[in-house]
Amino acid sequence: MRLPDAEALAVAHGIVGRRAELRAVLAGLVAWRHVLLEGPVGVGKTALARAVSQGLDRGFVRVDGDGRYTEAKLVGHFDPPGVLERGYQPDLFVPGPLVQAMRTGAVLFVNELNRMPEGVQNVLLPAMDEGLVTVPHLGAIQAVDGFAVVATQNPAEFVATGHLSEALLDRFELVELSWQDEADEVEIVGQEVRMSPSPELIRRAVSLVRATRNDPRIRRGASIRAAVAIADLAEVLGGDLDRASRMALATRIELAESGDATKVDQVIADLMMQAEKKSPLAPRR
Ligand SMILES: Nc1ncnc2c1ncn2[C@@H]1O[C@H](COP(=O)(O)OP(=O)(O)OP(=O)(O)O)[C@@H](O)[C@H]1O
Ligand SMILES: [Mg+2]
């Protein structure tokens, strides 16, 4: 199978930049591999995975990892009242996302795989290299062509981050995503906003958010979602970037040393002042 055109795919899905990463993910899937996307929150992992599975004309089944997710949720389960009545009949099996993806040759997109309990991760092992999952009372299910796992994980320094086992990592090819450059981010925010803020507001929002990622007082900076929120809020607030930024950033940044809300506000005010010095905000007409 030839590699689909990353450029056309990106355009069709409104993906800004990321051509190399798109090509890499596509190559992985075309070569019948599974792909692990690694990068911080909001960096575009889901957007990329979705575009790729659609570009390959495969279905897309999504699962979000959390510590209480179970093997039965991933694989599927028998309908209990039905089983009481008729026993374990195959038609009473309600397929979970894994079995759905295996039966239809779709991409199983596992968001935040590293947060899944070990038991859930272990179910994926035979599914990923033999295309096989065994369900009690039902038997072996074999994946049809097209089935692949695309998973994401946040880098290890993030809170609530578990680790993937060596066996699981051995079944994935890795594509790392880091923050995009400023011009790309401005373009993405322009696409995502819903309140038509001015290009100037968008630029300010992006520059402020980017500053949160390089400040030693901040352990975890904000993602592009924060910039979208700031631009939209500021627009609705008549240009009050200050209020908008505090609303959007307070929940999204984590200080290096734990501090109270006042400290967060202080850091934000400081970053705003630095940005203002660098390029003063044109007065609003
Ligand atoms: N390169 C890009 N082109 C267009 N839109 C993008 C791009 N990167 C991110 N976005 C948009 O930014 C938002 C966040 O991206 P996305 O949800 O894909 O991030 P994520 O890495 O999956 O985040 P999380 O770790 O929180 O799941 C989405 O609205 C997405 O459409
Ligand atoms: Mg995501």
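The following paragraphs describe the surroundings of ligand 1 and the packing of two helices in a predicted model. Local features require pLDDT of at least 70 and side-chain atom pairs count only at pLDDT 80 or more, while totals for chains, interfaces and linings use all residues. Residues are numbered from 1 along each chain as its sequence is written, and chains are lettered from A and ligands numbered from 1 in the order in which they are written.

The shell around ligand 1 comprises 17 residues, of which V16, G44, K45, T46 and A47 come nearest; a residue is near if its C-beta atom, placed from the backbone, lies within 6 Å of the molecule. Two or more residues each are given by α3 (45–55), α9 (182–192) and α11 (224–236), where helices are DSSP runs (H or I, at least four residues) numbered from the N terminus. The most come from α3, with three residues. By character, the shell holds seven nonpolar, six polar and four charged residues (Ala, Val, Leu, Ile, Met, Phe, Trp, Tyr, Cys and Pro count as nonpolar, Asp, Glu, Lys and Arg as charged, and the others, Gly among them, as polar). Because domain 1 (6–176) and domain 2 (182–277) both contribute to this shell, ligand 1 lies between them; the domain bounds come from an automatic or database domain assignment.

Attention now turns to two helices. D242, S245, R246 and L249 of α12 (residues 241–249) meet D265, I268 and M272 of α13 (residues 261–278), contact meaning C-beta atoms, placed from the backbone, within 7 Å. The residues of this contact divide into three nonpolar, one polar and three charged.

Methods
Axes are lines fitted to C-alpha atoms, for helices over the stretch in contact, and angles run from 0 to 180 degrees between N-to-C directions.
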